Each structure stands twice: as C-alpha cells, then as structure tokens.
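Got your viewer open? Let's take a walk through this one together, one selection at a time.

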Amino acid sequence: MVEMGGHLVPAFHHWLHALVPMRALWVVQMILTLAVLAGPGRRFFGTGLAAPPRRPEMNSLVALGAGTAFAFPPS
C-alpha cells in the first residue's frame, strides 16, 4: 500500500517521500512483507519446500517466487 499509493495518486508519492526518508520506507515495507510471509505465507513455504525436487507443485513455485522477491534488494 505504501509504495502502490503513489501509483494511484501521484501527489501521495511526493508527500510521503518529503515526509519520510526512503530507507525508512524500505524498512517498514520489509517488516510488513516479512509479516505476510511468516503468517499466511508459512503454508506455502512449509509444503512447497518439502515437496520432492523431481515433483514440484504449485506451492513450490509460490515459495520460490515469494522468497526470491523478498531476498532481492530494492533498486
């Protein structure tokens, strides 16, 4: 919501970045993302990573994509 709000209302983006430093926004977004991955996303990681390597399932794909997106540093 924090980052996507600027796409909906461009003035929100400028106001937010004038109010809060960029690094602080990144930290808040990382904490919120970690909460989603650790809460509702836990079942994808639990069942997806436990699947045999030769028989991956949709949970494996979701776990791989979400884990990679979380580990990729912001630009």
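## Stop one: helix 2 and its rings

Select F12 to begin: this residue has a relative accessibility of 26%, so F12 counts as partly exposed. Before you click on, keep in mind that you are looking at a predicted model.

Now search the whole structure for aromatic pairs, and one turns up. The partners are F12 and W15, with ring centres 6.0 Å apart and planes at 35°, so the pair is tilted. Tilted is the label here because an angle under 30 degrees would count as stacked and one over 60 as edge-to-face. Where do F12 and W15 sit relative to each other along helix 2? They are three residues apart in that helix, which covers residues 10-19, so about one helical turn separates them.

Stay in helix 2 and pick H13. Is H13 buried, exposed or partly exposed? Its relative accessibility is 30%, so H13 counts as partly exposed. Next, add V28 to your selection: H13 and V28 are 15 residues apart in sequence, and their C-alpha atoms are 15 Å apart in space.

## Stop two: G6 in helix 1

Go to G6, which you'll find in helix 1, residues 5-8. G6 has a relative accessible area of 15%, so this glycine is buried; the cut-off for buried is under 20%. Which residues does G6 touch, if you skip its neighbours within four places in sequence? Show F12 and H13, since G6 is in contact with both. Then draw a distance from G6 to L16: the two are ten residues apart in sequence, with 8.5 Å from C-alpha to C-alpha.

## Stop three: a nonpolar patch

Switch to a surface view and colour V27, M30, I31, L34 and F70. Together they form a nonpolar patch on the surface, with about 450 Å² of accessible area. Which helix gives the most to this patch? Helix 3, residues 22-38, does, with four residues.

Click on L34, which is found in helix 3. Its relative accessibility is 44%, so L34 counts as partly exposed.

## Stop four: a charge over a ring

Select R43 and F44 and show their side chains. What sits over the ring of F44? The charged end of R43 does, 4.6 Å from the ring's centre.

## Stop five: helix 5

Keep F44 on screen and add N59, which lies in helix 5. Beyond its neighbours within four places in sequence, N59 is in contact with F44, T47 and G48. For a longer line in your viewer, join N59 to H13 from the opening stop: they are 46 residues apart in sequence and 34 Å apart in space, C-alpha to C-alpha.

Finish on S60, also in helix 5, which runs over residues 58-71. With 15% relative accessibility, S60 counts as buried. What does S60 touch, once residues up to four places away in sequence are set aside? Show G48 and A51, and you have its contacts. Notice that G48 has come up before, as one of the contacts of N59.

Key:
Residues numbered from 1 in each chain as written. Predicted model: local features only at pLDDT ≥ 70, side-chain atom pairs only at ≥ 80, totals over all residues. Heavy atoms only, no water. Patch = residues over 30% accessible without salt bridge, like charges linked within 9 Å, V, L, I, M, F, W, Y side chains within 5 Å. Areas by Shrake-Rupley, 256 points an atom, 1.4 Å probe, with all protein chains shown as cover. Salt bridge = Lys/Arg side-chain N within 4 Å of Asp/Glu carboxyl O. Helix = DSSP H or I, 4+ residues; strand = E, 2+ residues; numbered from the N terminus. Buried < 20%, exposed > 50% of the residue type's maximum accessible area, 1.4 Å probe, protein only. Phe/Tyr/Trp six-rings, centres within 6.5 Å; stacked < 30°, edge-to-face > 60°. Lys NZ or Arg CZ within 6 Å of the ring centre and 35° of its normal. Contact = heavy atoms within 4.5 Å.
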